[in-house]
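Me: I should like to go through the terms applied to this structure and the grounds for each of them. Please set each value against its definition.

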Amino acid sequence: MQRIGVFICHCGTNIAATVDVERVTEAVKKEPYVVFAQNYQYMCSENGQQLIKTAIRENKLTGVVVCSCSPRMHEATFRKTAEEAGLNPYLVEIANIREQCSWIHKDIEEATEKAIVLARTAIAKLTLNKPLIAGETGVTKRALIIGGGIAGIQAALDIADAGYEVDIVEKRPTIGGRMAQLDKTFPTLDCAACILTPKMVDCAQNEKINMFTYSEIEEVKGFVGNFKVKIRKKARYVDEKKCTGCGVCMANCPSKKGLNEFNMDLNNRPAIYIPFAQAIPNVAVIDPEQCLKLKTGKCGLCQMKCGAGAIDYTQKDEIVEREYGAIVVATGFRPIKLDNFNEYGYADNKDVITSLELERLMNAAGPTKGTLLRPSDLTHPKVITFIQCVGSRDVSGCGKPYCSKICCMYTAKHAMLIREKYPDTEVHVFYIDVRTPGKNYDEFYRRAVEQYNVDYIKGMVGKVYNENGKLMVQGSNLLDNEQITIPSDLVVLATAIEPDPSVRDIATKLTISIDTNNFLTEAHAKLKPVECATAGVFLAGVCQGPKDVPETVSQASAAASKVIGLLAKDKLKGNPCVSHCDENTCIGCSQCEQVCPYGAITYEEKEFRIGGGKTEKRRVACVNPAVCQGCGACTVTCPSGAMDIHGFSFEQINKEIEAICKR
Amino acid sequence: MQEKLESLMQELALKKIASGEVDRVLAWKKGESYFDVSPAIFKESFDGFTYNAFCGANLSKFLVEETKKEGKVLVFLKPCDTYSFNQLLSEHRINREKVYVVGIECQGKLDINKVYAKGIDGILDIEETDSELKIKTIYGDKTVKKDEVFSVKCETCKSKKLVVFDEKIVLNEMKDNKEKRFDIVEKLESMTEEERFAFWQAELSKCIRCNACRNVCPACTCTNCVFDNNKSGIAGKANADSFEEKLYHIIRAFHVAGRCTDCGECSRVCPQGIPLHLINRKIIKDMNTNYGEYQAGETVTPLNPIVDFKKDDVEANTVVGGKK
């Protein structure tokens with residue numbers, strides 16, 4: 001005979017203000033098998049938990065229902081409580097009467113009635129719960145970082161510092177990411193390269209860090225502690241071990257029409273190239289789209305000139321298989337495409353540029369060697385107009401609904417640097433709001449306005465058009481309530497940023513969730529900002545949401561500390577709520593194998609008795625419980641109903657539905 | 001024409017058995033009258049071996065059991081049956097090595113009730129031309145237009161391609177009729193919710209839960225069907241209330257979704273004349289619009305749009321009339 005105890009939490013007034021907890025307590029007492037029911041102000045508090053423990057012991061409870069907040073919040077807490085009182089933790093069910101009830105209802109009558117139904121549902125399910133025991137798995141003591149920008153670099157250095165091996169997979173030929181493209185960084189105006197490149201060098205020299213540049217993630221299998229990852233090392237056509245980075249090949253390459261991605265396509269580079277002087281690894285790569293030898297078979301100059309004999313035109317993509325205990329996703333961002341913003345004339349005017357392009361034009365290693373010259377005629381621009389929020393905070397559907405967060409600060413930076421270096425330049429900034437929260441940020445912006453006399457105009461720009469070689473910026477000045485047109489030499493668009501498009505592919509491979517703007521979703525906006533819903537995967541940098549460098553670095557270190565915490569464990573407790581196969585019903589059709597995102601299902605030929613002393617061999621599904629995450633995809637795909645999940649069986653779910661429908 | 005085909009088929013079957021290449025033959029056997037045709041195994045005697053305009057039955061499902069037995073079986077498959085055969089191969093339900101597939105010509109099969117409705121009875125023989133049937137009956141010769149007496153599954157034939165065979169016997173050109181395949185589905189879609197509900201209410205309330213649709217369906221090969229499994233929670237509920245008949249057909253449609261080749265056997269065998277294939281065809285149409293054209297059984301693949309995930313698939317929450 002089962003003996004069930006029901007515990008109803010007030011959650012302060014969170015629940016008790018909308019749900020009559022006394023009535024719920026009385027109502028559940030009438031449910032079958034319920035021998036004990038009690039309500040309490042904070043069930044999750046030490047006293048509340050003690051109350052549950054005492055009740056379990058005194059009433060010899062065989063199962064516990066806690067009516068409280070979402071199981072994502074405190075299921076683990078109450079399972080632990082039950083375990084401490086000697087009850088199997090999987091004999092605890094949570095009825096969510098907060099998020100799914102008190103928070104969304106205003107009427108006490110309705111909410112109380114619903115809370116009773118939810119409690120009854122949990123009790124009904126609990127009657128079919130069975131004690132479950134979690135298995136244990138080992139942990140591979142190595143971390144994978146996807147993306148070699150500042151986030152990835154910082155996370156890698158921190159994890160390596162704790163003594164664990166780290167692999168960085170970077171799709172470009174060098175690590176460094178977007179930060180390497182920047183000129184100076186706000187609010188202190190350090191040169192980006194000066195603070196980034198030492199970290200890049202550290203990565204290269206740290207023996208715990210292994211870099212796979214010009215590589216991409218091909219496939220991810222496994223689960224927390226035991227990921228199996230295939231990495232595609234794209235053919236560089238240059239032997240990484242032999243290349244010395246001398247650059248002779250670049251000087252001799254006759255095909256010089258490739259666009260220089262590092263300089264935002266503002267100038268050209270040879271078909272064989274090293275992205276920039278401080279690239280790590282400092283190894284050349286051949287662009288197969290541009291290389292004459294690879295395209296036509298005629299040339300081979302670089303091979304002839306290479307003293308190290310590093311050039312190998314026959315190189316092929318290579319697949320490397322590695323195992324990891326944890327994964328950090330740090331895939332970064334790109335400025336959005338401006339196809340939807342014809343009004344700014346970006347496509348038609350060479351002198352309408354994005355902020356990231358301006359970074360390159362101001363950078364000493366950029367196409368103009370750091371002298372600010374406008375792209376069309378390489379003259380000094382005398383009037384520069386910045387337009388903020390291009391594609392950010394845009395609810396029209398053309399751009400992004402969110403604030404890109406970094407643009408106010410970098411625009412102030414650009415304006416200030418230009419005024420500092422070229423005091424004869426007139427600088428205007430169109431803005432909607434200037435948003436500068438952050439340590440020393442507002443002071444920084446005020447310096448631009450007060451000390452450097454940057455002309456900030458509150459208002460939006462309607463149109464940019466070319467008139468006799470001048471870029472006419474037509475906008476409104478809201479404070480003076482007038483329409484203005486500023487004839488400019490250079491227009492800089494503070495373009496919204498979006499997650500690098502590769503993130504969708506990565507998210508699919510890692511089965512992590514992604515929001516409508518392609519940002520990866522953290523496990524909890526406030527309390528689990530670097531974790532993912534998928535155990536063992538952590539987030540760092542702009543792939544999770546817009547961030548500046550200081551924030552990115554903090555988040556990367558946070559992700560690293562989570563990884564270190566995970567890798568420090570020798571064993572991980574698994575989830576016993578996994579799928580299993582009824583071999584008498586399974587027909588071996590392979591549907592479940594196709595939908596399993598974790599590769600947990602394989603097939604075996606097994607011999608079965610068929611009566612009359614005979615046996616037959618049948619193909620049946622076998623679930624690896626260590627790999628299964630209990631998502632349930634197989635159970636709904638299986639046409640014969642052979643797949644079921646411990647703790648969430650069809651029977652239990654049917655019983656819940658019956659309890660809800662019962663009046 | 002049919003006779004020629006039939007004798008060629010029998011000739012081949014006898015030859016293959018004589019050479020020991022196959023052990024037995026799965027084909028159709030004539031019963032008491034011309035249209036009374038059933039699937040049968042022939043081994044020594046070929047008495048009653050037939051292939052005529054009423055051989056609508058899809059033989060592929062029988063191979064699930066047949067290939068568990070010793071020896072090789074020769075099977076005759078019409079174009080649409082070959083799709084089912086491939087689908088069963090995809091699901092590892094048939095041992096391909098134990099089957100010799102002979103693809104055969106099909107000019108569309110007939111529904112005896114539609115023939116009766118034309119006032120024709122006592123059929124002795126049928127001679128087919130492109131569009132007409134010359135029916136020899138005990139009351140004399142009659143002529144009917146072919147498309148007026150087609151079995152419902154042949155009215156909109158999706159394909160006359162033999163997608164798998166070891167050998168084929170095709171004497172005349174075959175023509176499909178797939179242009180109109182989704183017309184009825186579109187008609188159903190254009191109804192209001194109430195009209196559509198009323199339509200299905202009227203159709204499905206005729207169901208007597210004889211399970212014929214399930215038993216004939218080549219996609220329904222579970223040994224322990226959910227409707228027979230007490231643990232599933234949906235077994236044996238046919239008579240509880242009228243809603244549960246609908247549930248039976250809806251559950252069945254979802255179970256075969258992505259795997260249904262649209263062979264139309266469900267509607268052919270339904271003794272109550274319910275157009276069951278329309279539920280499946282609606283799902284096929286939706287899959288085509290949302291995930292791109294797909295025909296189950298065209299190739300041997302374990303992936304169908306329902307179990308396959310592609311990054312450019314429409315998001316579940318944005319599937320409204322197939323718009324992304």
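Me: Which residue of β3(A) stands opposite Ile8(A)?

Reply: Cys67(A) stands opposite Ile8(A). The model is a predicted one, in which local features need pLDDT of at least 70, side-chain atom pairs count only at pLDDT 80 or more, and totals for chains, interfaces and linings use all residues. Residues are numbered from 1 along each chain as its sequence is written, while chains are lettered from A and ligands numbered from 1 in the order in which they are written.

Me: What makes β1(A) and β3(A) a pair?

Reply: Two strands pair if DSSP finds at least two bridges between them; strands (E, at least two residues) and helices (H or I, at least four) are DSSP runs, numbered from the N terminus. Strand β1 (residues 4–9) of chain A and strand β3 (residues 63–68) of chain A share 5 bridges in the parallel sense, so the criterion of at least two is met. With strand β2 (residues 34–40) of chain A, β1(A) runs parallel over 6 bridges, and Gly5(A) has Phe36(A) as its bridge partner there.

Me: Why is β1(A) described as largely enclosed by the rest of the structure?

Reply: A residue is buried if 20 or more other C-beta atoms, placed from the backbone, lie within 10 Å of its own, exposed if 12 or fewer, and partly exposed in between. In β1(A), 6 of the 6 residues are buried, so the strand is largely enclosed. Ile4(A), Val6(A) and Ile8(A) point one way, Gly5(A), Phe7(A) and Cys9(A) the other.

Me: What makes the unit of β1(A), α1(A) and β2(A) right-handed?

Reply: The term applies if, with the strands pointing away from the viewer, the path from the first strand over the helix to the second runs clockwise. β1(A), helix α1 (residues 21–29) of chain A and β2(A) make such a right-handed β-α-β unit.

Me: How do you know that the span of α12(A) is close to the expected one?

Reply: The expected span is 1.5 Å times one less than the number of residues. Helix α12 (residues 407–421) of chain A has 15 residues and reaches 21 Å from its first C-alpha to its last, close to the 21 Å expected.

Me: Why is α12(A) also called largely enclosed?

Reply: Of its 15 residues, 11 are buried, so α12(A) is largely enclosed by the rest of the structure. The buried residues include Cys407(A), Tyr410(A), His414(A) and Ile418(A). Among the elements against which the buried residues of α12(A) pack are α11 (355–362), β21 (383–390) and α13 (441–451) of chain A.

How values were computed:
Contact = placed C-beta atoms within 7 Å.
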